[in-house]
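Visitor: I am new to this structure. Could you take me on a close look at its nonpolar core and the strands around there?

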Amino acid sequence: MESNAPQSDHQPPTCCGEKRRGLVKGLLAAAIGGFVALFPFVPGLLVVTSPLRKKRKLGGQMIRITTLGALAGSKQPRRFQVIASRRDAWNKYPPEPIAGVYLAPQGEGKPPRAFSVTCPHLGCAVDYNGDTDEYQCPCHTSAFASGGETLYGPSPRGLDELAVEIRGEDEVWIDYKRFEVGKSKRIEISS
Ligand code: FES
């Protein structure tokens, strides 16, 4: 049986498709709005965090240790503190001991040699033994000759020698650096 109801060619609106498009548009607008709102703060954020992004070396600075006069009359290495100002990302702190160094006299009129006290094996502090003329590590028994070479033990390299400079009449300065431990090659530490 045929229906007498009028036929309409008008399609009902697709409710879900339009809703979805509206939602996507809204999210896009919110994302763009958020980005635009953040934009003025980006330069400030970069300034505030810039100290964290700078690569700084802990060492690599000339530090005064003592005078030649203080070493006169001694043939054996003597241990000194390395005193320097520490910095973190935002602050500079007052000078304080940051490491130790042995200064080994080389004869009158000659600058001493400087060796870091840090054992290259795992970082313990070595002691100089005047009886055997050796530097000895108390942690795993590495031993080093007076010239810094490894004599025995697990240390993968000899003691780290630091450059020495005599300034003025007799001031002894060293180029203080730190190196990674446990490596056969000297790799300077940055932070
Ligand atoms: S830390 Fe010196 S021998 Fe291990």
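Guide: Happy to help; here is a walk through the core, the sheet and a few residues elsewhere. This is a predicted model, where local features need pLDDT of at least 70 and side-chain atom pairs count only at pLDDT 80 or more, while totals for chains, interfaces and linings use all residues. Residues are numbered from 1 along each chain as its sequence is written.

Let us begin with the core. A nonpolar core is a set of buried Ala, Val, Leu, Ile, Met, Phe, Trp, Tyr and Cys residues joined through C-beta atoms within 7 Å. A residue is buried if 20 or more other C-beta atoms lie within 10 Å of its own, exposed if 12 or fewer, and partly exposed in between, with C-beta atoms placed from the backbone. The largest such core has 22 residues, and those touching the most other members are Ile65, Val101, Leu103 and Val126. Two or more residues each come from strands E2 (78-84), E3 (96-104), E4 (113-116) and E11 (171-176). Strands (E, at least two residues) and helices (H or I, at least four) are DSSP runs, numbered from the N terminus. E3 gives the largest share of this core, five residues. In soluble globular proteins, nonpolar side chains tend to be buried together.

Now look at Val101. Two residues are in contact if their C-beta atoms, placed from the backbone, lie within 7 Å. Beyond its neighbours within four places in sequence, Val101 has contacts that include Ile65, Phe80, Val82, Leu162 and Ile174.

The sheet comes next. Two strands pair if DSSP finds at least two bridges between them. Four strands make an open, antiparallel sheet in the order E2-E3-E4-E9. E2 and E9 (161-162) are the edge strands, each with a single partner strand, so one side of each has no neighbour in the sheet. Between E3 and E4, the antiparallel pairing runs over four bridges, and Tyr102 stands opposite Phe115 in E4.

Another stop is Leu68, in helix H3 (residues 68-71). Leu68 counts as partly exposed because 18 C-beta neighbours lie inside 10 Å. Leaving aside neighbours within four places in sequence, Leu68 is in contact with Ile166, Asp170 and Val172. Leu68 and Ile166 are 98 residues apart along the chain, yet their C-alpha atoms are separated by 8.5 Å.

Finally, visit a loop. Asp133 sits between strand E5 (127-129) and strand E6 (134-136). Its phi is near 55°, a positive value in a residue other than glycine. Asp133 is exposed because 12 other C-beta atoms lie within 10 Å.
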